[in-house]
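Colleague: Hi! Could you put the model up and talk me through it?

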Amino acid sequence: MTIQHDKPGTPQGPSGPEPTGSPFDELTDERARQLVARYPVARSALLPLLHLVQSVEGHVSQAGIEFCARHLDLSAAEVSAVATFYTMYKRKPCGEHLVSVCTNTLCAALGGDDIYARLRGELGVGHEETAGEPGTPGSVTLEHAECLAACDLGPVLQVNYEYFDNQTPDSASELVSRLRAGERPEPTRGAPLTDFRQAELQLAGFFEGRDSDVEAPSTAPETVRGARIAAEKGWTAPAMPDEAELPPVPEKK
Amino acid sequence: MSEPTPGTGVAPLTPVLTRRWLSPRSWSLRTYEQLEGYSALRRALGAHPDQLIQLIKDSGLRGRGGAGFPTGMKWGFIPQGDGKPHYLVINADEGEPGTCKDIPLMMADPHSLIEGVIITAYAIRANFAAIYVRGEVLHCIRRLNAAVRDAREAGYLGKDILGSGFDLDVVVHAGAGAYICGEETALLDSLEGRRGQPRLKPPFPATAGLYASPTVVNNVETIASVPYIVNGGSDWFRTMGRDRSPGPKIYSISGHVERPGQYEAPMGTTLRQLLELAGGMKDGVPLKFWTPGGSSTPLFTSEHLDVPLDFEGASEAGSMLGTTAVQVFNETVSVPWAVMKWTEFYKHESCGKCTPCREGTYWLAQTLQRMVRGEGTESDIDTLLDVCDNILGRSFCALGDGAVSPITSGIKYFKHEFLELCEKNRTGKADRSADAALAGAH
């Protein structure tokens with residue numbers, strides 16, 4: 001891999017043209033400018049920009065680092081320091097799909113460790129490794145994840161950050177076989193699967209043409225258990241007064 | 001101390017934040033408006049901002065992200081008339097093991113958070129707010145983005161909101177996989193496009209937060225409570241829960257229970273009551289240990305079934321309320337194994353900034369792994385406690401304190417399990433040396 005160093009006199013900042021052979025097209029450049037404009041201070045756009053880079057390349061390459069650096073007028077080293085801190089930024093090309101299995105204590109006790117072991121064996125890969133040629137249809141990157149904030153639905157796993165709840169080694173195995181065969185099974189909660197890159201584009205904040213995704217299910221029976229019991233039993237919070245008073249404006253001390 | 005529910009006439013479950021979750025398309029602006037949505041905003045914009053800060057102080061609302069800091073007081077710390085921009089940042093980086101309340105809230109009812117954001121921003125005089133959501137929850141981020149867009153189109157966000165002259169922009173910001181960004185100053189660094197590492201305090205975010213300007217950082221559940229307090233008043237809010245921990249709270253029950261899920265009950269509800277609602281222990285296998293509010297809160301056992309789960313109750317019994325992430329484990333789960341798994345988590349998530357946490361969690365994980373493999377000795381227990389002692393209170397932020405909670409509480413209540421592992425090692429070794437002696441005998 002060739003690392004391109006910034007040369008003195010090279011145009012910097014978002015106005016500078018993309019270097020020849022850059023994997024980032026004009027649309028990506030325009031999206032990057034939109035991200036920078038969202039924040040009071042440009043550098044705040046760095047995390048979304050790195051998600052944007054992954055939507056194009058399926059990982060954060062050196063070219064991706066330099067793309068972010070150019071848009072934020074940072075050095076490649078400054079961007080690299082950030083990219084390597086966060087687990088969602090992948091340094092190696094990702095599969096068409098990313099499968100994340102929660103192996104934190106609670107999910108693990110309910111079967112998460114068994115699920116991860118089974119998938120690892122069947123795919124023949126370890127943590128952050130890919131079965132198949134990265135980026136090609138049916139390729140799957142496997143990872144064990146920390147708590148995914150769905151503990152009432154454990155053991156959980158995610159495909160491209162959409163939830164598959166209450167999994168077993170068998171259900172997870174079937175799910176991954178279908179992904180490998182080019183199918184896209186429906187998540188329990190979340191939008192119909194696309195691929196890792198499209199998910200990363202959405203994480204960067206771009207949802208154009210995807211309005212129907214918003215309608216996709218988000219509620220499991222577990223989510224509304226308390227609400228449902230309350231409704232059945234007629235339990236409610238105490239009634240609010242018709243006209244609650246606001247306190248007076250406090251006197252300045 | 002008053003009892004949490006008996007005698008007060010308050011129901012065992014008090015859906016406030018979860019009230020709309022059963023409604024069709026509960027996340028849509030239309031449903032939200034049909035169910036009193038944005039009525040609190042109109043009321044708030046007609047009030048003086050200082051009245052709102054006073055209202056939240058009077059309500060006794062305390063932060064729902066784990067620390068329980070009084071919300072109104074936090075807002076009151078923002079210097080007014082200082083000529084600097086003010087910021088509101090929502091901590092939606094839900095990642096404390098066991099915690100799963102904010103993500104379902106934002107998916108089911110994102111507008112309640114956004115209405116709370118607008119009212120809070122108006123109260124503290126902020127014109128820019130960011131909702132920092134962990135990156136792994138795409139559907140939640142999708143719903144929030146749609147809600148912000150719809151709120152803007154309806155005139156609840158943007159310039160001159162509802163003709164009040166108040167302007168507010170809200171950005172939904174996806175994180176990228178780092179538990180430490182749930183720590184408020186690490187979150188601010190991350191939001192500024194840096195590595196998510198905590199800052200030295202003071203200065204506190206109230207004076208030097210985002211972009212070194214006065215900033216309020218509040219949890220999702222805290223801010224989503226605000227519209228209800230504006231509509232119901234502080235006295236109404238205080239009809240639920242206990243004097244110093246008022247209001248309703250979403251308890252997330254997970255693990256070995258018959259019906260895990262989200263249960264919104266008055267503060268001070270006990271595990272015994274929650275288990276009753278959740279159908280008891282799964283398949284009747286008895287309870288062994290549980291966390292009251294995530295893995296960073298010291299473990300409880302079956303002796304603690306009647307501890308009132310509010311800030312004072314949990315703390316008086318030797319733990320913390322945390323995020324009310326009630327993780328329930330039955331008799332089949334080994335405590336040293338569970339503690340090892342949690343420690344591996346803290347080791348992975350330690351940001352590396354300070355030595356006690358970075359090195360300490362590394363060695364704690366190694367020691368626990370050795371014990372669980374059956375290669376530990378009794379002195380390892382002392383080593384663990386010694387390392388914990390060097391992390392607790394000596395780390396840069398609360399991650400280090402959280403990391404030692406499962407270990408010290410695990411050893412406090414279940415030392416025999418750690419000793420049994422050592423005993424197995426000793427007898428195993430004796431057997432092996434006996435075999436070796438016999439092998440040499442012939």
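Modeller: Happy to. When I number elements, helices are DSSP runs of H or I with at least four residues and strands are runs of E with at least two, counted from the N terminus. Also, this is a predicted model.

Colleague: Fine. What are the ipTM and pTM scores?

Modeller: The ipTM is 0.94 and the pTM is 0.95. For chain B, the mean pLDDT is 95, with 96% of its residues at 70 or more. Residues 1–7 of chain B have pLDDT below 50, and this stretch makes 12 contacts in the model beyond near neighbours in sequence. Low pLDDT means that predicted coordinates should not be read in detail.

Colleague: Noted. How many residues does each chain put into the contact?

Modeller: Chain B gives 95 residues and chain A gives 78. About 7,000 Å² is buried between the two chains, and carbon and sulfur atoms account for 64% of that. On the chain B side, B:Leu22, B:Leu138 and B:Arg142 lose the most area to chain A, together 10% of what that side buries.

Colleague: And how many salt bridges cross the interface of chain B and chain A?

Modeller: Six by the rule. One salt bridge joins the side chains of B:Arg142 and A:Glu162, at 2.9 Å from N to O. There are also 34 residue pairs in polar contact across the interface, both partners at pLDDT 80 or more. By class, the chain B side that touches chain A has 48 nonpolar, 29 polar and 18 charged residues.

Colleague: Switching topic: where is A:Pro155?

Modeller: A:Pro155 sits in the loop of chain A between strand 3 (140–145) and strand 4 (157–159). The peptide bond leading into A:Pro155 from A:Gly154 is cis, with omega near -5°. In chain B, the bond from B:Pro202 to B:Pro203 is cis too, with omega near 5°. B:Pro203 is in the loop between helix 8 (184–191) and helix 9 (205–208).

Colleague: What about phi at B:Asp160?

Modeller: Phi there is near 50°, a positive value in a residue other than glycine. Most residues other than glycine have a negative phi. B:Asp160 lies in the loop between helix 7 (138–153) and strand 3 (169–174) of chain B.

Colleague: Why does B:Asp160 count as partly exposed?

Modeller: Because its relative accessibility is 40%, and partly exposed runs between 20% and 50%.

Colleague: Last one: is B:Ser296 buried or exposed?

Modeller: Buried, because its relative accessible area is 12%, under the 20% cut-off. B:Ser296 is in the loop between strand 9 (287–291) and strand 10 (300–301) of chain B, and its contacts further off in sequence include B:Glu96, B:Tyr179 and B:Ser405.

Notes. Residues are numbered from 1 along each chain as its sequence is written. Chains are lettered from A and ligands numbered from 1 in the order in which they are written. Side-chain values use heavy atoms; hydrogens and water are left out. Contact means heavy atoms within 4.5 Å. Buried area is the accessible area (1.4 Å probe) that two parts lose on being put together, summed over both. A salt bridge is a side-chain nitrogen of Lys or Arg within 4 Å of a carboxyl oxygen of Asp or Glu. A polar contact is a pair of N or O atoms within 3.5 Å; within protein, one must be able to donate a hydrogen and the other to accept it, and residues adjacent in sequence count only if both atoms are side-chain atoms. Ala, Val, Leu, Ile, Met, Phe, Trp, Tyr, Cys and Pro count as nonpolar, Asp, Glu, Lys and Arg as charged, and the others, Gly among them, as polar. pLDDT is the predictor's confidence in each residue, from 0 to 100. Buried means under 20% relative accessible area, exposed over 50%, partly exposed in between (1.4 Å probe, protein chains only). Lists of a residue's contacts leave out its neighbours within four places in sequence.
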